[in-house]
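This report covers the ligand site of one model, then its aromatic pairs and backbone outliers.

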Amino acid sequence: MKYIKLRDLEVSRIGLGAMGMSTAYTGSGTDDAESIRTVHRALELGVTLIDTAEIYGPYTNEELLGRALKGRRDQVVLATKFGMVSHAGDGPGNLDSSPANIRTAVEGSLKRLGTDHIDLYYQHRVDPKTPIEETVGALAELVAQGKVRAIGLSEAGPDTIRRAHAVHPVTAVQSEYSLWTRGLEQRVLPVLRELNIGLVPFSPLGRGLLTGRIRSTDELAADDFRRSNPRFAGENFDHNLALADQVQALAAEIGATPAQVALAWVLAQGDDLAPIPGTKRVQRVEENTAADALRLTDDQIARLSSLPQAAGDTHNEAQMRMMER
Ligand SMILES: NC(=O)c1ccc[n+]([C@@H]2O[C@H](COP(=O)([O-])OP(=O)(O)OC[C@H]3O[C@@H](n4cnc5c(N)ncnc54)[C@H](OP(=O)(O)O)[C@@H]3O)[C@@H](O)[C@H]2O)c1
């Protein structure tokens, strides 16, 4: 496994997203033992960057990681997020990045994760009610207290990134980025590079669709998040499946899997980014991590880059309103 730096934080250049172990996707929360084995296998394979959030569950995903990382904490660059649970207000699903809420949230995350520090603490979504300077001021205090090593933002736009970075260095921005979700390239990526901020691409496998394994939304459980996601709806799904088939065709030509090709394309975009593919299965973490060794040729990268973008927004309307771009 190769390692890169998100600003001055060294991480494996392929991380592990833990969200789907506890929420959002088919089968989440059904097999914690396999999820814990998956985390352990990832560490054996050299993965260090592990990603969770307070809202995943809520809370159960951090608790699961707390159990999985017992005795292994020092092998991990542990990342979690705050700001989508309002502790003094309306609870989960409500944006709150006020300093008071952050001070409450961090204590809960530390306790559930069984640690005395978080390596990378992200604001999950920009909170329109709290100036980013106040949020980052509170985070800087947590850094000074040793509870947090580095800070990040998620789905933040260029202005917010600049304003945040002026208060305290931002180590990474975590946003959706993959071969068919490239909106960041116009406005956000140039700012990240100018300010030497790392990028952590989430959903690098197109929430599973780019792997070619999902052939119909009927395969998804009734409560699977993707059932309400525009990319999995009607004609969008058909369009996106046809794109996934093209990724699969290239993968077959070079003896790789579609997931590995999708990850290798992301890795080819720079040494300042570390995708966090999500899986709750040992076999898939082995498959995904092996993408570290896959080198695409310039022609193959160009072929993938010329595919159309996915049809449909990345999130439903209510969730899109929480995103800055
Ligand atoms: N900041 C944010 O707002 C935000 C939003 C979304 C996600 N995230 C983070 O990013 C991480 C990754 O994103 P994601 O989980 O949404 O999407 P993803 O990594 O694009 O895809 C995950 C899905 O693909 C499946 N999968 C994984 N490897 C596979 C393989 N080799 N072959 C076939 N299927 C495979 C997983 O199923 P199995 O688990 O069954 O293998 C899961 O359903 C999350 O875990 C989370 O930590 C952050």
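## Ligand shell

Around the ligand there are 31 residues (a residue is near a molecule if one of its heavy atoms lies within 4 Å of it), and Tyr 25, Asp 51, Leu 205, Thr 279 and Arg 281 come nearest. The model is predicted: local features need pLDDT of at least 70, side-chain atom pairs count only at pLDDT 80 or more, and totals for chains, interfaces and linings use all residues. Residues are numbered from 1 along each chain as its sequence is written, and side-chain values use heavy atoms, with hydrogens and water left out.

The shell splits into 10 nonpolar, 11 polar and 10 charged residues. Here Ala, Val, Leu, Ile, Met, Phe, Trp, Tyr, Cys and Pro count as nonpolar, Asp, Glu, Lys and Arg as charged, and the others, Gly among them, as polar. Helix α10 (residues 282-289) contributes the most to the shell, with 3 residues; helices are DSSP runs of H or I with at least four residues, strands are runs of E with at least two, and both are numbered from the N terminus.

## Polar contacts and burial

Polar contacts are pairs of N or O atoms within 3.5 Å. A side-chain N or O atom of Thr 279 is 2.6 Å from an oxygen atom of the ligand. A ligand oxygen atom also lies 3.2 Å from a polar backbone atom of Met 19, and a ligand nitrogen atom is 3.4 Å from a polar side-chain atom of Tyr 56. The protein buries 97% of the 900 Å² that the ligand exposes when taken alone (Shrake-Rupley method, 1.4 Å probe).

## Aromatic pairs

There are 4 aromatic pairs, meaning rings of Phe, Tyr or Trp (its six-membered ring) with centres within 6.5 Å. The ring centres of Tyr 25 and Phe 225 are 6.4 Å apart and their planes are at 65 degrees, so this pair is edge-to-face (over 60 degrees). Tyr 25, in the loop between α1 (19-22) and α2 (32-44), and Phe 225, in the loop between β11 (198-202) and α8 (234-254), are 200 residues apart.

## Backbone

Most residues other than glycine have a negative phi, and most peptide bonds are trans. The peptide bond from Gly 57 to Pro 58 is cis, with omega near 0 degrees; Pro 58 is in the loop between β4 (49-51) and α3 (60-68). Glu 155 has a positive phi, near 55 degrees, and lies in the loop between β9 (148-154) and α6 (158-167).

Conventions:
Polar contact = N/O pair within 3.5 Å; in protein donor to acceptor, adjacent residues only side chain to side chain. Phe/Tyr/Trp six-rings, centres within 6.5 Å; stacked < 30°, edge-to-face > 60°.
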